[in-house]
Amino acid sequence: MAGSADQQSASLRYQPGRDSRWLLFRPWIALPRILHLIWALLGLMLSLLIRGNSKDPEVQRKLARTLLRTLTNLGPCFIKVGQALSTRPDLIRRDWLEELTRLQDDLPAFDHAVALATIQEELGAPVEQLFEQFPDQPMAAASLGQVYRARLHGQHWVAVKVQRPNLAFILRRDMVLIRSLAVLTAPFLPLNLGFGLGEIIDEFGRSLFEEIDYEREAANAERFAGLFADNPAVTIPRVERMLTSRRVLTTSWIHGTKLRDRQELRAQRLDPSALIRTGVISGLQQLLEFGYFHADPHPGNLFALSGRTGELGHVAYVDFGMMDSISDTDRLTLTGAVVHLINREFEALARDFQQLGFLLPHADLAPIVPALEEVLGGSLGDSVGSFNFKAITDRFSELMYDYPFRVPARFALIIRAVVSQEGLALRLDPDFRIIAVAYPYVAKRLLAGDTREMREKLLEVIFDQEGQLRIERLESLLQVVGDSGTSPGLELIPVAGAGLKLLLGKDGSDLRRRLLLTLIKDDRLSTSDLRALGSMLGRTFAPVKMAETMLQRLNPLAAA
């Protein structure tokens with residue numbers, strides 16, 4: 001019995017070496033699948049080459065349906081690729097996106113009788129005993145399972161997710177073939193990923209196999225819910241543990257509108273901009289505060305709810321199969337990288353890339369720093385708001401080909417999450433710039449100094465290597481915070497309070513000492529530095545300006 005359990009557990013783990021050997025000795029499985037893949041992908045490529053430049057809308061609709069049909073027929077691994085593309089309106093034609101979004105939760109359902117048999121096998125009883133009401137067909141079908149809306153006995157509505165049959169076998173077979181194809185074609189690709197292409201495929205495979213263990217997903221959902229327990233803007237469905245197993249997951253039902261169409265949200269009297277802000281800030285919290293993040297935030301996994309908390313709309317996350325963690329060291333380095341990027345400190349940014357593993361430890365940074373300045377500095381333009389990841393990726397492929405950059409495997413899901421998040425936001429607001437929300441968030445955290453690591457990073461940012469105060473950097477941080485949000489200056493009040501609390505409190509001893517050292521030179525108080533600091537604070541926190549801001553906070557109509 002224990003041996004059977006161990007075998008079942010092993011079948012749910014992605015092991016590329018073992019899986020390759022497994023498929024190698026089963027040519028009757030591998031060869032038909034290889035022929036199917038070649039036939040389907042060649043047919044798709046020919047269709048795109050022949051008709052891809054057509055101006056006829058009907059031709060483009062047919063191409064989009066061909067793409068959808070091909071990915072759907074090829075199965076879960078390829079559907080996941082299509083889901084990633086469906087979040088990128090900057091990469092994929094708008095008239096194709098409507099078809100590709102169907103990959104999120106509008107796929108062909110599998111046999112209802114098979115789903116009922118799976119529930120009975122996994123939970124030990126038929127649905128008639130487990131639920132007061134259970135429908136005859138699913139509400140949605142996705143790549144790995146389908147979801148039913150059922151009612152518990154005398155209780156609330158729940159979502160019951162049932163896994164597709166034979167899924168471990170399908171994923172195992174296709175991941176071996178995808179990895180083999182990627183490794184064989186890597187030398188011919190016009191993108192230098194360093195050592196990482198096979199490792200990135202392995203990271204994708206690992207996450208897919210974790211997704212098909214619904215008991216793991218239930219634990220992920222509960223952990224994620226704990227992180228946002230005090231945040232009214234973010235909702236996580238509650239797991240029904242007694243009705244959850246490896247292939248069946250039951251959670252509370254989310255009544256909301258999917259984050260995929262701006263007009264649909266407007267029709268529900270929901271504010272797309274407020275919802276985007278919540279999605280981006282919660283994503284930043286996951287990456288830079290919690291170190292635990294939802295790696296698949298596509299529109300099918302995010303719902304808009306009614307209500308609003310300040311400038312934040314209310315959002316619900318679902319589907320916690322693809323989650324990942326980021327180390328404390330990487331979190332702190334990423335936070336610093338955002339600041340270095342905005343401050344155009346490209347030498348420090350190059351060192352950040354080195355520490356994160358995008359550059360080898362012994363790489364010569366001298367020729368890389370000017371290249372970073374050219375690529376990323378140009379993408380920044382004249383303001384933070386002009387920055388977007390599409391502008392970077394268009395140029396970064398050349399940079400990675402010409403310089404010793406690589407993509408660390410551990411960042412594959414982080415990049416996927418950030419790109420998906422920006423793609424979702426661009427879908428709802430084409431003018432959205434993720435860094436315009438990210439930088440004020442980082443600036444507020446730095447100025448508040450609410451953790452030891454943030455206090456250390458704040459000291460690094462506002463003091464130079466000689467220990468001198470960089471007043472322009474401090475003013476820049478305050479200006480970014482003051483200009484953020486829909487009401488300029490409003491965000492400065494809580495930040496100023498947190499900063500003052502830090503400066504006067506026990507956690508601010510290092511900051512006080514560094515300030516004294518920079519203001520006292522040759523045993524004398526440096527009046528020029530003191531005047532510059534006072535002048536900057538006067539400009540930022542002018543009494544009239546603060547009074548107007550306070551009045552607006554107390555009564556928004558008064559400032560109108």
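Buried means under 20% relative accessible area, exposed means over 50%, and partly exposed lies in between. The exercises below apply this scale to a predicted model.

**Exercise 1. Classify the ring pair of Phe-131 and Phe-134, and decide whether each residue is buried or exposed.**

Step 1. A search of the whole structure finds nine aromatic pairs. In the pair of Phe-131 and Phe-134, the ring centres are 5.3 Å apart and the planes stand at 45°.

Step 2. Planes under 30 degrees apart count as stacked and those over 60 as edge-to-face, with the rest counted as tilted. The planes of Phe-131 and Phe-134 are at 45°, so this pair is tilted.

Step 3. Phe-131 has a relative accessibility of 2% and therefore counts as buried. Phe-134, with a relative accessible area of 18%, is buried as well.

**Exercise 2. Find which residues form an aromatic cluster, and which ring lies under the charged end of Arg-223.**

Step 1. One aromatic cluster is formed by Phe-224, Phe-228, Phe-290, Tyr-317 and Phe-320.

Step 2. The ring under the charged end of Arg-223 is that of Tyr-292, and the distance to the centre of this ring is 3.7 Å.

**Exercise 3. Describe the surroundings of Arg-172, beginning with its salt bridge and ending with the ring beneath its charged end.**

Step 1. Side chains of opposite charge can pair when their charged atoms come close. Here the side chain of Arg-172 meets that of Asp-19 in a salt bridge, at 3.0 Å from N to O.

Step 2. This pair links distant parts of the chain, since Arg-172 belongs to helix H10 (residues 167–185) and Asp-19 to helix H2 (residues 16–24), 153 residues apart.

Step 3. Arg-172 has a relative accessible area of 17% and is therefore buried, and Asp-19, at 1%, is buried too.

Step 4. The charged end of Arg-172 also sits over the ring of Trp-22, 4.3 Å from the ring centre.

**Exercise 4. Work out where the partners of the Glu-222 and Arg-241 salt bridge lie, and do likewise for Glu-345 and Arg-470.**

Step 1. The whole structure contains 26 salt bridges according to the search, and one of them joins the side chains of Glu-222 and Arg-241, with 2.9 Å from N to O.

Step 2. Glu-222 is in helix H12 (residues 214–227), whereas Arg-241 is in the loop between strand S4 (234–235) and strand S5 (248–252), so that the pair links distant parts of the chain, 19 residues apart.

Step 3. Glu-222 is partly exposed, with a relative accessible area of 38%, and Arg-241 counts as partly exposed at 40%.

Step 4. In the salt bridge between Glu-345 and Arg-470, the closest N and O atoms are 3.5 Å apart. Glu-345 lies in the loop between helix H15 (328–342) and helix H16 (346–356), and Arg-470 in the loop between helix H21 (452–462) and helix H22 (471–483), 125 residues apart.

Step 5. Glu-345 is buried at a relative accessible area of 18%, and Arg-470 counts as buried at 16%.

**Exercise 5. Identify which residues make the nonpolar surface patch, and place Met-45 in its helix.**

Step 1. Leu-31, Ile-34, Ile-38, Leu-42 and Met-45 make a nonpolar surface patch of about 450 Å².

Step 2. Met-45 lies in helix H3 (residues 27–51), and with a relative accessible area of 49% Met-45 is partly exposed.

Key. Residues numbered from 1 in each chain as written. Predicted model: local features only at pLDDT ≥ 70, side-chain atom pairs only at ≥ 80, totals over all residues. Heavy atoms only, no water. Phe/Tyr/Trp six-rings, centres within 6.5 Å; stacked < 30°, edge-to-face > 60°. Buried < 20%, exposed > 50% of the residue type's maximum accessible area, 1.4 Å probe, protein only. Lys NZ or Arg CZ within 6 Å of the ring centre and 35° of its normal. Salt bridge = Lys/Arg side-chain N within 4 Å of Asp/Glu carboxyl O. Helix = DSSP H or I, 4+ residues; strand = E, 2+ residues; numbered from the N terminus. Patch = residues over 30% accessible without salt bridge, like charges linked within 9 Å, V, L, I, M, F, W, Y side chains within 5 Å. Areas by Shrake-Rupley, 256 points an atom, 1.4 Å probe, with all protein chains shown as cover.
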